[in-house]
Structures are given as C-alpha cells and as structure tokens.
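User: I have a model open here and would like to go through it with you. Could we begin with a single residue and work outwards?

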Amino acid sequence: IISTAFGRSTQSYRSTKRVPLFGAGQGSTGGPFFWLLMFWIMALAFDTALSGLLLQCIRAIILAHRDGDAFVDDSHFGATSTYKDDKSLSMDDNLRLHELQAMDDLQKLAQQYERLLFSTGGALNLKKCHWVLISWVWSNGTPTLANILQAPGDLLLTDGTSPTLNAIPRLEPTDSYRTLGAHINGSGMMTKALQLSRSHSEKFAANLRNSSLLAAAAHMAFNMYLIPKISYALPVSTFTEKECTFIQAPAMSTVLPKMKLNRNTARSIVHGPANYGGLMLRNVYCEQGLVQLKLFLGHIRNRDKVGDTIIVAMSTLQLRIGSTVPFFDLPYTRYAKWEVKTWLGSLCQFIHTLGWSLEVRRHWTPKRQRVGDSAIMTIFIESGYKA
C-alpha cells in the first residue's frame with residue numbers, strides 16, 4: 001500500500017512465488033542502507049583483471065584509477081585503452097586499435113556489472129543505457145573529437161537470462177546527457193546546461209513578474225530559490241562570465257524593478273556586500289568560481305582519487321601551455337588560447353579575474369635543461385605571436 005499526503009492507495013502489491021519482489025521496497029527508510037550493502041558486495045566481486053579508467057600524470061608517477069562511479073541507479077563506468085602502439089603501423093592504424101581495445105574493455109566491464117546486478121535481484125534497462133567514445137582525428141597537428149562515423153563501433157550486452165546481444169545506444173561526444181542534476185557531454189561543452197540554466201532564470205522572471213511579492217520577498221526569492229536552483233551543478237560547470245550574465249539576465253531585469261530599482265543600476269551596487277552599501281544579490285559567476293575553488297582545494301588537500309585526477313589534468317595542461325611557470329601564475333588573457341575551455345581553464349580565468357594565485361606542491365612544471373634555457377612557447381608569446 002502506498003501512503004502519501006493525499007491518503008492511502010486503494011490498491012496494493014506484494015511479493016508472490018510467481019512474481020517475487022526483491023529489495024526494501026519503494027520509499028523504504030532502509031532502502032539506502034540495503035543499496036549500500038548490496039553495492040559494496042558487487043564492488044568486491046568485480047574482476048580485478050578488467051581494465052577501467054586509468055589516468056596518469058606526465059611523469060607517470062601519479063595514477064588515478066577507477067572503474068566508475070555510482071549512486072543508486074545512476075551509474076557510470078569507463079575504460080581507457082590498454083593497447084601498446086606497434087611501431088610498424090601508421091598512427092591512424094594504432095589509433096584505431098586503441099579504439100577497439102577501449103570498446104572491448106568497456107563491453108567486458110559493462111557486461112560484468114549487468115551480470116552482478118541481475119544475480120542480486122536487479123536489472124539494467126538497456127534502452128536507458130548509453131555510451132560515448134572519446135577518440136581523436138588529427139589534421140595538420142590539430143586534434144578534434146572523432147564522431148561516430150569517424151570512429152565506428154558497437155557495444156553489445158546480454159540482458160538477464162536471454163542470450164541475445166543488444167546494442168547499447170551510442171552518443172556523439174557533443175551529445176549532452178543528464179547525470180545527478182548536471183548535464184554533461186564527452187566534449188566538455190556546456191551548451192545544453194547553459195540553455196537549461198537560462199530557462200530556469202526565464203521561468204523565475206515570468207513568475208516573479210506576475211506575483212505580488214514585496215521588495216524584501218523578491219530579494220529573498222532571488223537569493224534563496226533561483227540561485228540554489230542554478231548553482232547546484234556549478235562545481236562541475238565551465239561557464240564564462242559572459243555566459244553567467246546571460247543566464248541571470250532575465251531574473252535580474254525582473255527582480256530589480258520589484259525592488260524599486262532601475263534595471264541599469266550598477267552591478268557593483270547590486271552584487272556588492274552590505275558593508276560597502278551593496279544589495280548582496282548573489283552573482284552566478286562568483287558562485288561558480290567559489291564552488292570550483294572549494295572543490296579544487298578540498299580534493300587536493302584530501303589527496304583522494306578526485307584530487308589525483310586534478311593533479312593529472314594539471315600536468316597535462318601545463319605541458320600543453322609549454323611554460324616553466326605554473327599556469328596559475330601566468331596572465332590568463334595571454335595564455336587563454338592554450339588553456340582551452342576546460343574545468344581547470346575556467347578556474348584559472350576566475351582566479352585571474354580576482355588577481356589571485358594558487359600554489360600547489362604537487363604541481364609539475366618542466367625544468368630547464370641548461371642554465372640560460374627558455375621555454376619556446378614563452379618566447380613566442382612574449383614576441384607577440386598569435387595563433
């Protein structure tokens with residue numbers, strides 16, 4: 001029987017010999033505990049010989065290994081290629097073998113998860129599953145993400161007791177999908193997330209415009225309802241300051257008149273602290289930068305798997321920039337083209353905007369081989385080179 005605030009249901013369901021039900025049941029307070037207990041058993045049963053995600057820093061001394069992440073029915077798994085390049089083959093041939101190896105490892109990992117889930121009374125809805133392949137197409141030294149036509153492949157899984165192989169839907173690297181409150185894709189672009197955040201702002205503006213809220217209530221609604229709704233996924237977002245202004249523009253154009261203010265009131269007053277006469281309306285770009293910084297410092301200090309992954313990404317970005325100076329200390333505007341639109345690049349831009357810097361002990365930088373040597377990228381940029 002289902003019991004809600006509207007009363008108790010007239011129909012009920014229970015476990016029978018013909019249709020047995022497993023688990024604690026929908027809405028049970030013991031559900032999370034039983035899920036954790038069962039998932040821990042499944043995690044211990046994973047075959048350690050299977051290849052998962054392995055990321056390593058430039059010097060291969062810091063490794064970040066994980067099979068995936070899961071929270072109840074929202075699970076993600078991944079695999080990086082274990083193929084070793086054959087020097088007798090071309091770069092394109094080796095790249096294709098890397099792709100096939102990664103797909104084979106991912107299929108084995110996914111199939112074992114399906115078997116473990118089924119053996120413990122659960123099941124995968126294969127139609128709701130999807131996968132994406134991150135590979136590259138090189139042209140004149142420049143890599144771009146390969147689409148499905150350029151890197152074909154299928155992921156086939158059996159389901160339950162059926163021996164039939166089912167093709168899992170494959171997404172393009174630019175196709176966005178929803179995780180726990182965040183919309184992401186393989187390319188790292190935030191187009192879908194930007195549209196959804198903007199729609200939240202527009203809906204809030206429409207509701208506020210037709211309401212009878214007073215100034216204080218409108219101020220509170222903006223800070224306590226809209227901003228938390230938008231900022232939930234900001235720790236993993238990479239919006240620029242311009243995009244954040246675009247997101248909150250509809251709400252700002254409505255909340256300010258509700259507060260008896262001109263829409264064009266200086267934003268330093270609108271977002272400033274009360275100590276300096278500001279109105280303390282929260283700013284999306286500041287919210288994003290602060291939660292990014294909190295996530296960064298927390299994981300780096302904990303030295304956990306996410307922290308190691310960040311260190312690995314830092315070494316890759318440092319090599320891409322080509323400077324012997326830690327990229328947090330470099331002028332962002334001059335090096336922005338090489339930092340691209342990544343999570344670390346977004347954090348760097350925020351740090352540069354505030355005039356801050358970050359010092360990380362495990363931050364790798366290339367060393368000069370001889371006294372008097374200079375980084376060639378630094379020479380190019382100081383000479384005014386623009387790609």
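Analyst: Let us start with Ser201, which is found in helix H3; helices (H or I, at least four residues) and strands (E, at least two) are DSSP runs, numbered from the N terminus. This is a predicted model, in which local features need pLDDT of at least 70 and side-chain atom pairs count only at pLDDT 80 or more, while totals for chains, interfaces and linings use all residues. Residues are numbered from 1 along each chain as its sequence is written, and side-chain values use heavy atoms, with hydrogens and water left out.

User: Is Ser201 buried or exposed?

Analyst: Ser201 is buried, at a relative accessible area of 0%. Buried means under 20% relative accessible area, exposed over 50%, and partly exposed in between (1.4 Å probe, protein chains only).

User: Which residues does Ser201 touch?

Analyst: Leaving aside residues up to four places away in sequence, Ser201 touches Leu226, Ile247, Gln248, Ala249, Pro250 and Ala251. Contact means heavy atoms within 4.5 Å.

User: Staying in H3, what does Glu202 pair with?

Analyst: Glu202 forms a salt bridge with Arg198, with the closest N and O atoms 3.0 Å apart. A salt bridge is a side-chain nitrogen of Lys or Arg within 4 Å of a carboxyl oxygen of Asp or Glu. The two residues are four apart in helix H3 (residues 191–209), so about one helical turn separates them. Glu202 is partly exposed, with a relative accessible area of 39%.

User: How many salt bridges does the structure hold?

Analyst: It holds eight salt bridges. Among them is the one between Glu114 and Arg115, where the closest N and O atoms are 2.9 Å apart. Glu114 is buried, with a relative accessible area of 1%, whereas Arg115 is partly exposed at 34%. Side chains of opposite charge can pair when their charged atoms come close.

User: And what about Glu287?

Analyst: Glu287 forms a salt bridge with Arg282, the closest N and O atoms lying 3.0 Å apart. Glu287 counts as buried at 18% relative accessibility, while Arg282 is partly exposed at 27%.

User: New topic: which residues lie nearest the centre of the second largest pocket?

Analyst: Arg282 appears again, together with His271, Leu281, Asn283 and Cys286, in a lining of 18 residues. The elements giving two or more residues to that lining are helix H5 (241–258), helix H6 (267–271) and helix H7 (284–302). The largest share, six residues, comes from H5. On a 1 Å grid over the protein atoms alone, a pocket is an open set of points where a 1.4 Å probe fits, with protein on both sides within 12 Å along at least five of seven lines; lining residues have an atom within 4 Å of a point.

User: What is the volume of the second largest pocket?

Analyst: The volume is about 400 Å³, meaning the space filled by probe spheres set on the grid points, which are joined across faces, edges and corners.

User: Turning to H9, which of its residues are buried?

Analyst: In helix H9 (residues 332–339), the buried residues are Tyr332, Tyr335, Trp338 and Glu339. They cover an arc of only 110 degrees around the axis, which puts them on the same side of H9; the arc is that of the directions from the helix axis to the C-beta atoms. Thr333 and Lys337 are exposed on the other side of H9.

User: What do the buried residues of H9 pack against?

Analyst: They pack against helix H8 (305–321), helix H10 (343–354) and helix H11 (376–382).
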